[in-house]
Amino acid sequence: MKQAVFLSLVDQALNSAFSLLLNLAFIAFATPDEFGRFAFLLAGSFFAVSAQNALIVMPLNYLLPGREPPEADASLSMLTSANLALTLLVLPASLGLAAIIGADPLLSLATASYFLTGMVREYARNLMVVKGRIHRTLIYDVIALGSAAVFAVVFWQVLAPPAAVLAALSAGNCLSFVVCRFDLKADFRRLPAHLSAYRQVWKDTRWALQGALQNEVMARSHVFLVERMRDAAALGMLNAGRVGVSPLLLVGTAWCRVARPRMVEDLKRGEIGAVVRLFRTGAAIVAGAAILYGLFLLLAWPYIDAYAFRDRYGDMAGTLFCWWLYALVAGQTSVMAALMEARRKFRALAFVGFVGAVVVPLLVLALLAAGLSASAAVLGLAGVSLVECVVFGALTLRDLRSSAAKGRERNFL
């Protein structure tokens, strides 16, 4: 388990470092308007990936671990077909997002390619995690990101920055998938039968989907509101602050990817104490990473401000602090949500997420309409996320501790 968590953190650090460097390249060599357009399309892709996580990746976590190979292969084949159907539904949505910002044909094509290849990449990555082959996920990402960096340098010379980067990411995703050659047990001839079988899975995933999309509304609605109520340049400036804490935002994700299947297995065996200990470890990792990263930003801020932002994005210190506070709270909330997902409390997650998805856009809308800085909206996001974390804790931790205590009492007797 420790090695798996370590490799997952290394993999997530690689993705985070690439994302950070990519965003810094936009900050240094593109205009705030170009950065804002890129951030707008990227936010749309996060909605697509969240839907995929709920509908496809979540069933991977409980349909494959602990099953006999024939049964696991049949479930994998079914989910591969379902992933294809979802990808085909996402493509028109990607073109619609490109149309909203008035994208030219090249940017529209690059956007659709990125959405398509990104869905395939995320599916393959998460499959390897569920199967316990974290090292293959790391190799996969090294190939994808390394080749994407080379393609980005080349494409940047002939295309506008947003189109160049999206095309480069698409090319890197394609190359990595061809090189690694994953066995997804694909049998698209049985697509109708697979979609029919998926109806049983839908009973759980519909709640997970609702929760995932609501979480994305909470996390990304400010992107669309700032772009519409201000402009792409204002969104670029706000997103520049988020770039500074982007590595921290992924720490909780790295832990959850590895810990969620382990929690499922421990719960099946009735080892409640192990689940609680795993949860506490995740919370400590996220909090420790936030404190260390915050100290790094504090010490390195004069250099970051001078050499990264270069007075092109205004006063970023306050914006960066708001994003750091949000990352700290959101990381703890993601750990708590992973515990609830392992217990298949999808309905409770969906209900809490629904309330948050209503409150956050209204709160951001009110703050922007009042003329406050866009960065003030981030504090609103942090506050809502904190309330969400407290509610999750009230719903699940007391129940788990009670179950663990009863288990210890039975063992003593």
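**Helices, salt bridges and a nonpolar patch**

At 29% relative accessibility, Lys-185 counts as partly exposed. The structure here is a predicted model, and Lys-185 makes a handy place to start reading it. This residue sits in the loop between α6 (161-180) and α7 (191-229). What is the sign of phi at Lys-185, which is not a glycine? The angle is positive, at about 55°. That deserves a mention because most residues other than glycine have a negative phi.

From the loop, the description turns to helix packing. Two packed helices are described by the angle between their axes and the distance between the axes. For helix α3 (residues 69-100) and helix α4 (residues 105-130), the angle is about 155° and the axes are 9 Å apart. Angles over 145 degrees count as roughly antiparallel, so α3 and α4 are roughly antiparallel to each other. As for handedness, the α3 and α4 crossing is right-handed.

Helix α3 also holds Leu-76. Is Leu-76 buried or exposed? With a relative accessibility of 0%, Leu-76 counts as buried, since the cut-off for buried is under 20%. Leu-63 is 13 residues from Leu-76 along the chain, and the C-alpha atoms of the two are separated by 8.2 Å.

Helix α4 comes up again with the salt bridges, whose count comes to 10. One of them joins the side chains of Arg-121 and Asp-141, at 2.9 Å from N to O. Arg-121 belongs to helix α4 and Asp-141 to helix α5 (residues 134-155), so this pair ties together parts that are 20 residues apart in sequence. Both Arg-121 and Asp-141 are buried. Asp-141 has another salt-bridge partner in Arg-125, again at 2.9 Å from N to O. Here too, distant parts of the chain are linked, with Asp-141 in helix α5 and Arg-125 in helix α4, 16 residues apart. Like Asp-141, Arg-125 is buried. Which residues are joined into one network by salt bridges that share partners? They are Asp-11, Arg-121, Glu-122, Arg-125 and Asp-141.

Another salt bridge brings together the side chains of Glu-271 and Arg-269, with an N to O distance of 3.4 Å. Glu-271 counts as partly exposed, because its relative accessibility is 35% and buried would mean under 20%.

Next comes the surface. Where the chain shows nonpolar side chains to the outside, a patch of about 770 Å² is made by Met-229, Phe-351, Phe-354, Val-355, Val-358, Val-359, Leu-362, Leu-363 and Leu-365. Which helix gives the most to this nonpolar patch? That would be helix α13 (residues 346-369), with 8 residues. Val-355, one of the patch residues, is found in helix α13. Its relative accessible area is 41%, so Val-355 is partly exposed; exposed would mean over 50%.

Two further residues help a newcomer find the way around the fold. Ala-317 has its place in helix α12 (residues 317-342). A relative accessible area of 34% makes Ala-317 partly exposed. How far apart in space are Ala-317 and Cys-256? The separation is 30 Å from C-alpha to C-alpha, and in sequence the two are 61 residues apart.

Val-251, meanwhile, is found in helix α10 (residues 251-268). Why does Val-251 count as buried? Its relative accessible area is 16%, and the cut-off is under 20%. From Val-251 to Ser-94 the distance is 28 Å, C-alpha to C-alpha, and their positions lie 157 residues apart in sequence when counted as a separation.

Key: Residues are numbered from 1 along each chain as its sequence is written. This is a predicted model: local features need pLDDT of at least 70, side-chain atom pairs count only at pLDDT 80 or more; totals for chains, interfaces and linings use all residues. Side-chain values use heavy atoms; hydrogens and water are left out. Patches are made of residues with over 30% relative accessible area and no salt bridge: like charges are joined within 9 Å, nonpolar side chains (Val, Leu, Ile, Met, Phe, Trp, Tyr) within 5 Å. Accessible areas come from the Shrake-Rupley method with a 1.4 Å probe; for residues, only the protein chains shown count as cover. A salt bridge is a side-chain nitrogen of Lys or Arg within 4 Å of a carboxyl oxygen of Asp or Glu. Helices (H or I, at least four residues) and strands (E, at least two) are DSSP runs, numbered from the N terminus. Buried means under 20% relative accessible area, exposed over 50%, partly exposed in between (1.4 Å probe, protein chains only). Axes are lines fitted to C-alpha atoms, for helices over the stretch in contact, and angles run from 0 to 180 degrees between N-to-C directions. Angles under 35 degrees count as roughly parallel, over 145 as roughly antiparallel, 65 to 115 as roughly perpendicular and the rest as oblique. A crossing is left-handed if the near helix is turned anticlockwise from the far one by less than a right angle, and right-handed if clockwise.
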